[in-house]
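User: Hi! I would like to learn how to read a structure, one feature at a time. Could you walk me through this one?

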Protein chains: 2
Amino acid sequence: MQNVLENAGRAGASLPGIEHLTLAGGAQGLSGLSLWRQSMAPGSATPPHQHDCEEVVLVLEGSGELHLDGEVIAFGPDTTLVLPPNRPHQIFNTGATTMRTVAAFSRSPVGTFLPDGAPLALPWKS
Amino acid sequence: MQNVLENAGRAGASLPGIEHLTLAGGAQGLSGLSLWRQSMAPGSATPPHQHDCEEVVLVLEGSGELHLDGEVIAFGPDTTLVLPPNRPHQIFNTGATTMRTVAAFSRSPVGTFLPDGAPLALPWKS
C-alpha cells in the first residue's frame, strides 16, 4: 500500500458546482475511515443527503449554511461541522468566494442516501 | 450536541514544537471518528508512536519526513499520509516553515502508544 500520496494531479470527480477528491479511503486499504476534499463554487450546494456513519467537515475557507433537521446554521471560515449518522443535511455556499472543505467519515466506503433513505449514487469512490 | 463549532479561540494543547486542536471527537459525541489539527515548528517532530486505529494525515503546508517501519519517506505540502493501525511512525518537520496538518482517526478516543506498546499520555482529549 502507498503510504504517501501527492495530491496534485490525482484524479478527482465533480458534481454541479462541486469539485471532489477522495484523499484516502478504500483504495488505500482503509475500512473505518475516509477523507475527502471538496471545493464548492459560490451559490452551489450539496444535495440533501445523509450518511450511514459519523462525519466531520472542516471548513477551511468560505462561508455558508448548514441545513440539519430543519434548522439553518450559518457559518464562516475556520469552522467545524459535526454530523451524526443518518441525519439528513445539506451544505450551501452562501458566500462570494469558493468554499474549501475537508470531510472525514467513520467508514469506507461511505454510504450516502437521500433523506428518504434511497441510495444516492455519487461520481466518486470513498 | 453542538453541530457547528467556530475553531478560533477554542482551547488547544501543545507538545514541544507542536500546537494541537481536537476539532471533533468524544466531546462532540463521536465514537468512530476524531479529527485533529496541528502545526509543527521547523525542526520539530512527533514522538515515535502508534495508534489503535486507522489514521490519515493531510499535510496542508510545509514539508517533512514520514518514518514508518524503518522507512523514510520525504513529502512536501499538499500530501496525504496513510497510516494503518498499530504501525509505529514518526513525522518530522524538516522544512524551514511551519507544517500544518489535519489528521483523521477511525475512533474516538484515539489510543496512542509507544512503539513498545506502552500507552503514551497526550495532553489533549480526542
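Analyst: Gladly! Let's begin with overall form, keeping in mind that this is a predicted model. A compact globule of 126 residues would have a radius of gyration near 14 Å, and chain A has 14 Å, so the two agree. The C-alpha trace of chain A spans about 40 × 30 × 25 Å along its principal axes, and 38% of its 126 residues are buried.

User: How many helices and strands does chain A have?

Analyst: Chain A has 0 helices and 12 strands. Contacts along the sequence are worth a look too: among those in chain A between residues at least 6 apart, 68% join residues at least 24 apart.

User: How should I read the pairing of strands in a sheet?

Analyst: The general idea is that strands of a sheet pair through backbone hydrogen bonds, in either a parallel or an antiparallel way. Here, an open sheet of 7 strands runs in the order β1(A)-β9(B)-β6(B)-β11(B)-β4(B)-β3(B)-β2(B), and its pairing is antiparallel. β1 (4-6) of chain A and β2 (13-15) of chain B stand at the edges with a single partner strand each, so one side of each has no neighbour in the sheet. On average, neighbouring strands of this sheet are turned by 25 degrees against each other, direction ignored.

User: Which residues stand opposite each other where β1(A) meets β9(B)?

Analyst: E6(A) stands opposite T79(B) in β9(B). The antiparallel strands β1(A) and β9(B) are joined by 3 bridges. Within chain B, 7 bridges join β4 (residues 34-40) to β11 (residues 99-105), again antiparallel; there, S34(B) stands opposite F105(B).

User: And how do I describe the relation between the two chains?

Analyst: In general, two copies of a chain are related by a rotation about an axis and a shift along it. In this model, a turn of 180 degrees with a shift of 0.0 Å along the axis lays chain B on chain A with an RMSD of 0.0 Å. That is the relation of a two-fold axis. Of the residues of chain B, S106(B) comes closest to the rotation axis, its C-alpha lying at 2.9 Å.

User: What does each chain bring to the contact?

Analyst: Chain B and chain A bring 33 residues each. On the side of chain B that touches chain A, β9(B) gives the most, with 5 residues. By class, that side of chain B has 22 nonpolar, 8 polar and 3 charged residues. Finally, 100% of the interface residues of chain B are also interface residues in chain A, so the copies meet through the same surface.

Technical notes. Residues are numbered from 1 along each chain as its sequence is written. Chains are lettered from A and ligands numbered from 1 in the order in which they are written. This is a predicted model: local features need pLDDT of at least 70, side-chain atom pairs count only at pLDDT 80 or more; totals for chains, interfaces and linings use all residues. Two strands pair if DSSP finds at least two bridges between them. Helices (H or I, at least four residues) and strands (E, at least two) are DSSP runs, numbered from the N terminus. Axes are lines fitted to C-alpha atoms, for helices over the stretch in contact, and angles run from 0 to 180 degrees between N-to-C directions. Two residues are in contact if their C-beta atoms, placed from the backbone, lie within 7 Å. Ala, Val, Leu, Ile, Met, Phe, Trp, Tyr, Cys and Pro count as nonpolar, Asp, Glu, Lys and Arg as charged, and the others, Gly among them, as polar. Copies are superposed by least squares on the C-alpha atoms of residues with pLDDT of at least 70 in both. The radius of gyration is taken over C-alpha atoms; the globule rule is 2.2 Å times the number of residues to the power 0.38. A residue is buried if 20 or more other C-beta atoms lie within 10 Å of its own, exposed if 12 or fewer, and partly exposed in between; C-beta atoms are placed from the backbone.
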